[in-house]
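Please walk through this model with me, beginning with its charged pairs and moving on to its helices, its surface and its backbone.

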Amino acid sequence: MAESDSSVAVMLNENSSDPSRYVREKGKTGFDAVAFHYSIYRSLKRFLGLDGFIEAYPDSPVDIVGKPPFSVEAYNNFLVTNDFINADTGLFDPRHMYGSENQDVFHWPSLMNGTLKGNLAAFIITLVLPGIPLLIWGQEQAFYILDNTASNYVYGRQPMGSNTAWQTHGCYKLGNSRQANWPDGPYMDGCSDDWNSLDHRDPSHPVRNILTTMFELRRRYPVLNDGFQLQTLSKSTYDIFLPASEKQET
C-alpha cells in the first residue's frame, strides 16, 4: 500500500512501518531492489528523443525530473510505492539499480549523436537518481555494433577482446520494428570500421574517463552516493510531441 507522503516514506524502518502495508510478513522480505530498472530506462528513451510507444503499464511517471514546484515525479513515485527497507539492516535504503544499457538493448552510441545521449543518460543514473548506477561491458568504450538477427529484439553484445566477427557483420540493416522512426547511426557502417576488430581494453577512452569522473564524484561527495531526496529547482526543457508517440509528450 502506498504511503501518503514521501517525507513519511523516507523515515520508515522495519520497526516503525505498518506491517499491513506490505505483501510479506516481517522476516520474509522479498527483493528490496531491482537489478535493472526498466521504467527508468524507458523514461530515458523518451527523454532522449526516441519515438513510438515506449512505456509499459504500470510504469512509473515518464518525467524523471518533474515540473516545479512539485517534487521529482518518477523518484517520488518510487518513494511512496516501493519497499525501500533494506532486508539486512532494516533501515530505509533506496538501492534500485539504474542502467542506460544492458545486454538486451541497443548501445546509445549506435544512434546519431548517441554518444552524447548516452553520456547524459549516465549522468542521470549516476549523479541524479538515488540508488546504484549500472554499467555494461563496452559502455565505457562507446560500443555501437548491433548483432541481433531479428528486428524486434535489438541489442549489442560485442566482446571486449579482439574479434573480426563483429566487424564482418557490423553493417546492420534490419531496423527496429519495436521503435517508430528508428534513427540512422554508426551501426549501419560498422563493417567498414577496423576499430571493431581490435581489443577494446582502452583505459584512455574519452567515455571511460567521463564515467570514472562521475564515480569519483560519488566517492568524494557523500550526498551524491548516499543522498535519497530530490527536489526540482527549475526546468529548462520543454515538451514536444513526436509523430508516432500519440499523446505522450517527449
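In this predicted model, Asp 199 counts as partly exposed, because its relative accessibility of 40% falls between the limits of 20% and 50%. Its side chain meets that of Arg 201 in a salt bridge, with 2.3 Å from N to O, and Arg 201, at 57% relative accessibility, counts as exposed. Side chains of opposite charge can pair in this way when their charged atoms come close.

The count of salt bridges comes to four. One of them joins Asp 104 to Arg 157, whose closest N and O atoms are 2.8 Å apart. Asp 104 lies in the loop between strand 1 and helix 4, whereas Arg 157 lies in the loop between strand 2 and helix 5, so the pair ties together parts that are 53 residues apart in sequence. Both partners are partly exposed, Asp 104 with a relative accessible area of 25% and Arg 157 with one of 30%.

Another salt bridge is formed by Glu 216 and Arg 220, with 3.0 Å between the closest N and O atoms. These two residues both lie in helix 6, four residues apart, which is about one turn of the helix. Salt bridges that share partners join Glu 216, Arg 219 and Arg 220 into one network. Within it, Glu 216 is partly exposed, with a relative accessible area of 27%.

Helix 6 itself, residues 206–220, deserves a look along its length and around its axis. Its 15 residues should span 21 Å at 1.5 Å a residue, and its end C-alpha atoms are indeed 21 Å apart, in agreement with that expectation. Which residues of helix 6 are buried? They are Val 207, Leu 211, Met 214 and Arg 218, and because they cover an arc of only 55 degrees around the axis, they are on the same side of helix 6. An α-helix has 3.6 residues a turn, so residues three or four places apart point the same way. On the other side of helix 6, Pro 206, Arg 219 and Arg 220 are exposed. The cover over the buried residues of helix 6 includes helix 4, strand 2 and helix 7, the last of these being residues 222–226.

Helix 4, which takes part in that cover, comprises residues 114–128. For its 15 residues a span of 21 Å is expected at 1.5 Å a residue, and the 20 Å between its end C-alpha atoms agrees with this. The buried residues of helix 4 are Gly 114, Gly 118, Asn 119, Ala 121, Ala 122, Ile 124, Ile 125, Thr 126 and Leu 127. They pack against helix 2 (38–47), strand 1 (97–99), strand 2, helix 6 and helix 7.

Helix 4 also contributes to the surface. Phe 47, Leu 120, Phe 123 and Val 128 form a nonpolar patch there, with about 310 Å² of accessible area together, and the largest share of the patch, three residues, comes from helix 4. Val 128, one of the residues of the patch, is partly exposed, with a relative accessible area of 32%.

Turning to the earlier part of the chain, His 37 sits in the loop between helix 1 (6–9) and helix 2. Is His 37 buried or exposed? With a relative accessible area of 8%, His 37 is buried, and, leaving aside neighbours within four places in sequence, it is in contact with Phe 78, His 96, Met 97 and Tyr 98. Val 8, in helix 1, is partly exposed, with a relative accessible area of 38%; Val 8 and Val 80 are 72 residues apart in sequence and 8.4 Å apart in space, C-alpha to C-alpha.

Two loop residues call for attention to the backbone. Ala 142 has a positive phi of about 60 degrees although it is not a glycine; it lies in the loop between strand 2 (132–134) and helix 5 (165–168) and is buried, with a relative accessible area of 13%. Asn 181, likewise not a glycine, has a positive phi of about 50 degrees. Asn 181 belongs to the loop between helix 5 and helix 6 and is exposed, with a relative accessible area of 53%.

For the chain as a whole, the secondary structure comes to seven helices and two strands, which follow one another in the pattern α-α-α-β-α-β-α-α-α. Of its 250 residues, 42% count as buried.

Note on methods: Residues are numbered from 1 along each chain as its sequence is written. This is a predicted model: local features need pLDDT of at least 70, side-chain atom pairs count only at pLDDT 80 or more; totals for chains, interfaces and linings use all residues. Side-chain values use heavy atoms; hydrogens and water are left out. Buried means under 20% relative accessible area, exposed over 50%, partly exposed in between (1.4 Å probe, protein chains only). Patches are made of residues with over 30% relative accessible area and no salt bridge: like charges are joined within 9 Å, nonpolar side chains (Val, Leu, Ile, Met, Phe, Trp, Tyr) within 5 Å. Accessible areas come from the Shrake-Rupley method with a 1.4 Å probe; for residues, only the protein chains shown count as cover. The expected span of a helix is 1.5 Å times one less than its number of residues. The arc is that of the directions from the helix axis to the C-beta atoms. Contact means heavy atoms within 4.5 Å.
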